Amino acid sequence: MNKFILLASVLFLSLNSLAQNITNKQFVLIDYNLDISDEFREQAETLHDFFQSAEVHNEDAEDRLKAILVHDLYYKLKPRLEKNLEISILPVNFFMQKADYDEFGYPDMGIGKAQRKGDSPFYFNVLVTLNSKELEENSEPLVHPHFAIDMKVFNDEGILPVYKWHGEKGASDPLPVSKNLFKGFVNDIPQAEEAETNLSFLYDKAILDLINNHLNE
């Protein structure tokens, strides 16, 4: 029994020490992806022409909806993590030619390779999922969006994550399918006089949920 208590105490102290040690440390992104469900795409299909004409950084991207969202989603997350967790996230091209990159310019590599090629104390990957609940037939196009953010954090010593962070937020009710959903992602959409629930609002709440879940661990 004493051995069990001693082992539990050591484990607790180790985890507590790790939690303290991320402060003021550098983090490097090793993989980032945005997964948009078929349900969301189908419900937003009436905006197809808008997706095709919207200004994006990757004009040659086949997936125009992903091109509209992918960069802003990452660059909304990055400063919030840095400020609230007191960490420093290095540029996405940190590995330069040592890494493979996806069509949007984000690294696509595993933790083992990252540890061999890099010299950062922490590495992380991010998966953002945008889906929608199934809806009954309606007279107007509706979507019921839900964001989830999953982050895995690795240190420079092992291939198993030392943290798994999760945050999510969905709309309370279905939303009309209109350009207003994409305020904050597309520049030429007029700002509403009153705050509206849209994708940017939901994503901000998902980030807050992720941060709070981690801080409350």
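## A walk through the sheet and its charged neighbours

Start by selecting Thr129 and Ala148: Ala148, in strand 5, is the bridge partner of Thr129. Keep in mind as you go that this is a predicted model.

**Stop 1: strand 5 and its partners**

Now widen the selection to residues 122-132 and 145-155. These are strand 3 and strand 5, which run antiparallel and are joined by 11 bridges. For another pair of facing residues, pick Val126, which stands opposite Met151 in strand 5.

Then add residues 163-170. That's strand 6, which pairs with strand 5 in the antiparallel sense over 8 bridges. Click on Ile149 and you'll find Gly167 of strand 6 opposite. As for what holds such neighbours together, strands of a sheet pair through backbone hydrogen bonds.

Is strand 5 mostly covered or mostly open? Mostly covered: 8 of its 11 residues are buried.

**Stop 2: the whole sheet**

Zoom out to see the rest of the sheet. The sheet is open, has 5 strands in the order 2-1-3-5-6, and its pairing is mixed. Which strands stand at the edges? Strand 2 (88-89) and strand 6 do; each has a single partner strand, so one side of each is left without a neighbour in the sheet.

Two helices are worth showing as cartoons here:

- Helix 4 lies across strands 1, 2, 3, 5 and 6, and runs at about 145° to strand 1 (26-36).
- Helix 6 (residues 199-215) lies across strands 3, 5 and 6, running at about 145° to strand 6.

**Stop 3: Lys66, buried without a salt bridge**

Stay with helix 4 and select Lys66, which sits in that helix. Lys66 is buried yet has no salt bridge. How far away is the nearest side chain of opposite charge? That side chain belongs to Asp63, and it is 5.7 Å away. A salt bridge needs the nitrogen and the carboxyl oxygen within 4 Å, so this pair doesn't count as one.

What Lys66 does have is a polar contact of 3.0 Å between its side chain and that of Asn33. Show the surroundings too: leaving aside neighbours within four places in sequence, Lys66 is in contact with Asn33, Leu34, Ile36 and Phe104.

**Stop 4: the salt bridges**

The structure holds 4 salt bridges, and three of them are on this tour.

Asp63 is a handy place to begin. Its salt bridge is with Arg41, and the closest N and O atoms are 2.6 Å apart. This pair links distant parts of the chain: Arg41 is in helix 2 (residues 38-43), Asp63 is in the loop between helix 3 (48-53) and helix 4 (64-85), and the two are 22 residues apart. Colour by accessibility and Arg41 comes out partly exposed at 29%, while Asp63 is partly exposed with a relative accessible area of 21%.

Next, select Arg64 and Glu59. Their side chains meet in a salt bridge, 3.5 Å from N to O. Which of the two ends is buried, and which is partly exposed? Arg64 is buried, with a relative accessible area of 8%, whereas Glu59 is partly exposed at 46%.

Finally, follow helix 4 along to Lys78 and Glu82. These two form a salt bridge, with 3.3 Å between the closest N and O atoms. Because they are 4 residues apart in helix 4, about one helical turn separates them. Glu82 is partly exposed at a relative accessible area of 22%, and Lys78 is buried at 18%. The cut-off for buried is under 20%, so Lys78 falls on one side of that line and Glu82 on the other.

**Stop 5: two positive phi values**

Most residues other than glycine have a negative phi, so here are two to check on your Ramachandran plot.

- Asn24 has a phi near 65°. Asn24 lies in the loop between helix 1 (2-21) and strand 1, and is exposed, with a relative accessible area of 65%.
- Met96 has a phi near 50°. Look for Met96 in the loop between strand 2 and helix 5 (111-117); at 48% relative accessibility, Met96 counts as partly exposed.

**Last stop: the full chain**

Reset the view. The protein chain has 6 helices and 7 strands, running α-β-α-α-α-β-α-β-β-β-β-β-α from the N terminus on. Of the 217 residues, 42% are buried. Turn on a contact map as well: among contacts between residues at least 6 apart in sequence, 69% join residues at least 24 apart.

How values were computed
Residues are numbered from 1 along each chain as its sequence is written. This is a predicted model: local features need pLDDT of at least 70, side-chain atom pairs count only at pLDDT 80 or more; totals for chains, interfaces and linings use all residues. Side-chain values use heavy atoms; hydrogens and water are left out. Buried means under 20% relative accessible area, exposed over 50%, partly exposed in between (1.4 Å probe, protein chains only). Two strands pair if DSSP finds at least two bridges between them. Contact means heavy atoms within 4.5 Å. Axes are lines fitted to C-alpha atoms, for helices over the stretch in contact, and angles run from 0 to 180 degrees between N-to-C directions. Lys and Arg count as positive and Asp and Glu as negative; His and the chain ends are not counted. A polar contact is a pair of N or O atoms within 3.5 Å; within protein, one must be able to donate a hydrogen and the other to accept it, and residues adjacent in sequence count only if both atoms are side-chain atoms.
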